[in-house]
Amino acid sequence: MLRFLTAGESHGPELVAIIEGVPAGFEIDLAQINHQLARRQKGYGRGGRMLIERDEVRPVSGIRFGRTMGSPITFVIQNRDFANWEKRMSADPKDRTEAKLVTRPRPGHADLAGALKYNLDDMRDVLERASARETTARVAVGALAKQLLTPFGIESLGYVIQIGANRAELPVSIPLAELSELTEKSQVRVADAAAERAIIAEIDECKQSGDTLGGIVEVSVAGLPVGLGSHVQWDRKLDGRLAHALLSLQAAKGVEFGMGFAAGTVRGSQLHDEIGYDAAGLRFTRHSNNSGGTEGGMTTGEPLRVRVAFKPLSTLMRPLRSVDIRTKSEAVGTIERSDVCAVPAAAVIAEAVVAFEIATAFLEKFGGDSLAEVSRNYQGYLEQVRRY
Ligand SMILES: Cc1cc2nc3c(=O)[nH]c(=O)nc-3n(C[C@H](O)[C@H](O)[C@H](O)COP(=O)(O)O)c2cc1C
């Protein structure tokens, strides 16, 4: 079973990810992993932190001469900003006097619920781990997962379809590689120049007024076989697992597949993807993909299409009303260095967590201890489906 854990605080010395269950023999390109980390750092609307960091993984275990060994893989990522926080984030009790307590919870952040739940008097102990800095580790894990899927022709891409009220008009059904070219060029990962201009103007406006912006990202996955995930048990349904992974992202508020919530507003005849058969290609086909690529918790073999809505960030430079947890008197939320809009980065992060869930389902179905064994299992299954 493929699984991972991350550890590390936002301003601590390092982030760590341990990934277990990776078979031996997969080629791993660390430069590609670092490329994904760099994609996460980009995007118009990010704050000053991203100018400090230059994220890179340091592989500590599980990879030798560019190949997985079958043992747990560990990545460590340095927080360069720790140099500015050494005393305030120290593990040494002597340094506690250096700490300025965070006592004014930000509405919308984890501050208040976390402080009450963990019985803490300094909300920094909450916000350091609640912070989306943690997603750096998840992007490293997802980048590894993408490379596990590469030999099987499975590719994923995350991009932005809306920021604030500005919706992108996406080109209809273009291949992922072309969409990737367009969105990588965009400062906000949007494949629509007019929407990009409007988004940048709105981000500028929010920066001026001390406000923040959310949006919607989409992740597409191409090259999937039919039958990843399963209908037989609730926790094996792939759409459910994807929704869990995506909703676990900081600031994520909703997930929808294919036609999404609009599916509840149309008739069955307008929604369901009619079935055909391609006799030459020995495969079943669909006349549409409104399901977003899953039925019964399994991939249909059509591209996966899932969207995630992210709320506007909760650190406002013009802070909202709050209460000081020490005095219980009226106050305004704490101001931390913060992004105005992190939706372009969220698209890269969503892509990473989707890739991990797909790789998990893939290895569950075709799993083995080596690339050769997984490939044999996969080819055997494809042949079975062709002969069906
Ligand atoms: C890429 C990314 C960057 C974020 N940056 C910030 C930020 O700079 N300031 C902030 O207040 N929240 C930021 N967040 C959101 C908070 O981490 C999140 O709202 C908080 O942990 C509370 O969790 P919840 O929104 O999921 O309830 C970011 C989220 C993402 C996905």
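The exercises below, each with a worked solution, concern a predicted model.

**Exercise 1. The open sheet**

Find the order of the strands in the open sheet of four strands, and work out why strand 1 and strand 3 each have one side without a neighbour.

Solution.
- Step 1. Read the order across the sheet: it is 1-2-6-3, and the pairing is antiparallel.
- Step 2. Look at the two ends of that order. Strand 1 (3-7) and strand 3 (57-61) stand at the edges, and each has a single partner strand, so one side of each is left without a neighbour in the sheet.
- Step 3. Consider the turn between neighbours. Neighbouring strands of this sheet are rotated by 20° against each other on average, direction ignored.
- Step 4. Take one pair in detail. Strand 3 and strand 6 (residues 73-78) are joined in the antiparallel sense over four bridges. Opposite Pro59 stands Phe75 in strand 6.
- Background: strands of a sheet pair through backbone hydrogen bonds, either parallel or antiparallel.

**Exercise 2. A helix on the sheet**

State which strands helix 5 lies across, then decide whether Leu144 is buried or exposed.

Solution.
- Step 1. Place the helix. Helix 5 (residues 135-149) lies across strand 1, strand 2 (14-20), strand 3 and strand 6, and runs at about 35° to strand 2.
- Step 2. Place the residue. Leu144 belongs to helix 5.
- Step 3. Apply the cut-off. Buried means under 20% relative accessible area. The relative accessibility of Leu144 is 1%, so Leu144 counts as buried.
- Step 4. List the contacts. Not counting residues up to four places away in sequence, Leu144 touches Ile19, Val22, Ile28, Ile33, Ile73 and Phe75.
- Step 5. Check a residue that is not in that list. Leu116 is 28 residues from Leu144 along the chain, and 36 Å separates their C-alpha atoms.

**Exercise 3. A hairpin**

Describe how strand 11 and strand 12 are connected, and name the residue in the turn that has a positive phi.

Solution.
- Step 1. Establish the pairing. Strand 11 (residues 275-278) pairs with strand 12 (residues 283-286) in the antiparallel sense, over four bridges.
- Step 2. Pick out one bridge. The partner of Tyr277 is Phe284, in strand 12.
- Step 3. Look at the connection. The two strands form a hairpin with four residues between them. In the turn, Leu282 has a positive phi of about 50°.

**Exercise 4. Two residues compared by accessibility**

Classify Ser180 and Thr294 as buried, partly exposed or exposed.

Solution.
- Step 1. Recall the cut-offs: buried is under 20% relative accessible area, exposed is over 50%, and partly exposed lies in between.
- Step 2. Take Ser180, which sits in helix 6 (residues 176-185). Its relative accessibility is 22%, so Ser180 counts as partly exposed.
- Step 3. Take Thr294, which sits in strand 13 (residues 294-295). Its relative accessibility is 8%, so Thr294 counts as buried.
- Step 4. Add the surroundings. Thr294 is in contact with Asp239, Thr299, Thr300 and Leu304, leaving aside neighbours within four places in sequence. For Ser180, the C-alpha of Gly158 is 8.5 Å away, with their positions 22 residues apart in sequence numbering.

**Exercise 5. Helix 10 and the empty spaces**

Determine which element gives the largest share of the lining of the largest pocket, and which does so for the largest cavity.

Solution.
- Step 1. Begin with the pocket. The largest pocket has a volume of about 920 Å³. Of its 41 lining residues, the closest to the centre are His109, Ser131, Ala132, Leu313 and Asp339.
- Step 2. Find the contributing elements. Helix 2 (49-52), helix 4 (124-130), strand 10 (252-257) and helix 10 (343-366) each give two or more residues to this lining. Helix 10 gives the largest share, four residues.
- Step 3. Sort the pocket lining by class: 17 residues are nonpolar, 13 polar and eleven charged.
- Step 4. Turn to the cavity. The structure holds one cavity of 30 Å³ or more, and the largest cavity has a volume of about 40 Å³.
- Step 5. Name the cavity lining: Phe26, Leu148, Leu149, Ala359, Phe362 and Leu363. The largest share, three residues, again comes from helix 10. By class, the lining has six nonpolar residues, no polar and no charged.
- Step 6. Follow helix 10 to another helix. The axes of helix 1 (residues 30-41) and helix 10 come within 7 Å and cross at roughly 145°. Gln36, Arg39 and Arg40 in helix 1 meet Ala345, Val348, Ile349 and Glu351 in helix 10.

Definitions and conventions: Residues numbered from 1 in each chain as written. Predicted model: local features only at pLDDT ≥ 70, side-chain atom pairs only at ≥ 80, totals over all residues. Heavy atoms only, no water. Pairing = 2+ DSSP bridges. Axes fitted to C-alpha atoms, helices over the stretch in contact; angles between N-to-C directions. Contact = heavy atoms within 4.5 Å. 1 Å grid on protein atoms, 1.4 Å probe; cavity = no way out; pocket = protein on both sides within 12 Å on 5 of 7 lines; lining within 4 Å. Points joined across faces, edges and corners; volume = space filled by probe spheres on them. Nonpolar A, V, L, I, M, F, W, Y, C, P; charged D, E, K, R; others polar. Buried < 20%, exposed > 50% of the residue type's maximum accessible area, 1.4 Å probe, protein only.
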